[in-house]
Amino acid sequence: CFITLPPVTSNKRRNLRLISGPYYRDLRDRISSMEEPLDLIRLSIDERVYVKCRGERELRGKLHAYDQHLNMILGNVEETVTSTEIDEETDEEIIKQATRKVGMLFVRGDIVVLVSPPLRTT
């Protein structure tokens with residue numbers, strides 16, 4: 001397992017109460033079932049994920065499938081492309097964001113920078 005949790009010492013017991021609850025029990029169960037890094041992505045199948053890509057692209061969508069190269073199939077995708085331009089008159093940097101929605105998208109793994117599993121809130 002790549003993630004290890006340190007043993008609880010007496011001075012940490014007070015903080016342990018703050019991180020207990022159903023969300024963290026689920027998180028501990030998920031962590032204990034991981035054996036390799038791609039297991040975190042496997043646990044996110046049929047969940048919404050955030051994917052940061054090269055070229056200032058961000059994707060948020062439901063993960064349907066992936067492979068060892070991080071090629072992914074996402075559904076109900078919201079793609080955001082961020083671009084910056086310099087205003088020639090004022091020399092100010094202008095940041096523009098373009099967003100589009102796509103029903104189904106194949107993402108080639110060599111553009112993937114980061115994959116984040118969904119946040120669990122209770």
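So, β3 and β4: these two strands run antiparallel, and 14 bridges join them. I should say right away that this is a predicted model. If you want a residue pair to look at, take I73, whose bridge partner in β4 is F106. The two strands make a hairpin with 6 residues between them, and in that turn D91 has a positive phi of about 60°.

Let's stay at that turn for a moment, since there is some charge here. E88, E89, D91 and E92 form a negative surface patch. So D91 shows up twice: with its positive phi in the turn, and again as a member of the patch. E89 sits in the loop between β3, residues 72-86, and β4, residues 93-107. Is E89 buried or exposed? Exposed, because its relative accessibility is 77%, and the cut-off for that class is over 50%.

Now let me step back to the whole chain. We have 3 helices and 5 strands, and the order from the N terminus is α-α-α-β-β-β-β-β. Of the 122 residues, 21% are buried.

Going back from β3, the other partner I'd like to show you is β2. The two are antiparallel, with 8 bridges between them, and L63 stands opposite L74 of β3. Here too there is a hairpin, this one with 5 residues between the strands. In its turn, L70 has a positive phi of about 70°.

Next along is β1. What does β1 pair with? On one hand there is β2, residues 57-66, joined to β1 by 6 bridges in an antiparallel arrangement. Here C53 stands opposite R57. The hairpin of β1 and β2 has 3 residues between the strands, and G55 takes a positive phi near 80°. On the other hand there is β5, residues 112-116, also antiparallel to β1 and joined to it by 4 bridges. For that pairing, look at V51, which stands opposite V115.

I'd like to finish with the side chains of β1, residues 48-53, as they are a nice thing to look at on screen. Which of them point to the buried face? V49, V51 and C53 do, and they are buried, whereas R48, Y50 and K52 point to the other face and are not buried. That fits the general rule: in a regular strand, side chains alternate between the two faces of the sheet. And notice two familiar names on the buried side: V51, the residue opposite V115 in β5, and C53, the residue opposite R57 in β2.

Thanks, everyone!

Methods
Residues are numbered from 1 along each chain as its sequence is written. Side-chain values use heavy atoms; hydrogens and water are left out. Patches are made of residues with over 30% relative accessible area and no salt bridge: like charges are joined within 9 Å, nonpolar side chains (Val, Leu, Ile, Met, Phe, Trp, Tyr) within 5 Å. Accessible areas come from the Shrake-Rupley method with a 1.4 Å probe; for residues, only the protein chains shown count as cover. A salt bridge is a side-chain nitrogen of Lys or Arg within 4 Å of a carboxyl oxygen of Asp or Glu. Lys and Arg count as positive and Asp and Glu as negative; His and the chain ends are not counted. The place of a charge is taken as NZ of Lys, CZ of Arg, CG of Asp or CD of Glu. Buried means under 20% relative accessible area, exposed over 50%, partly exposed in between (1.4 Å probe, protein chains only). Two strands pair if DSSP finds at least two bridges between them.
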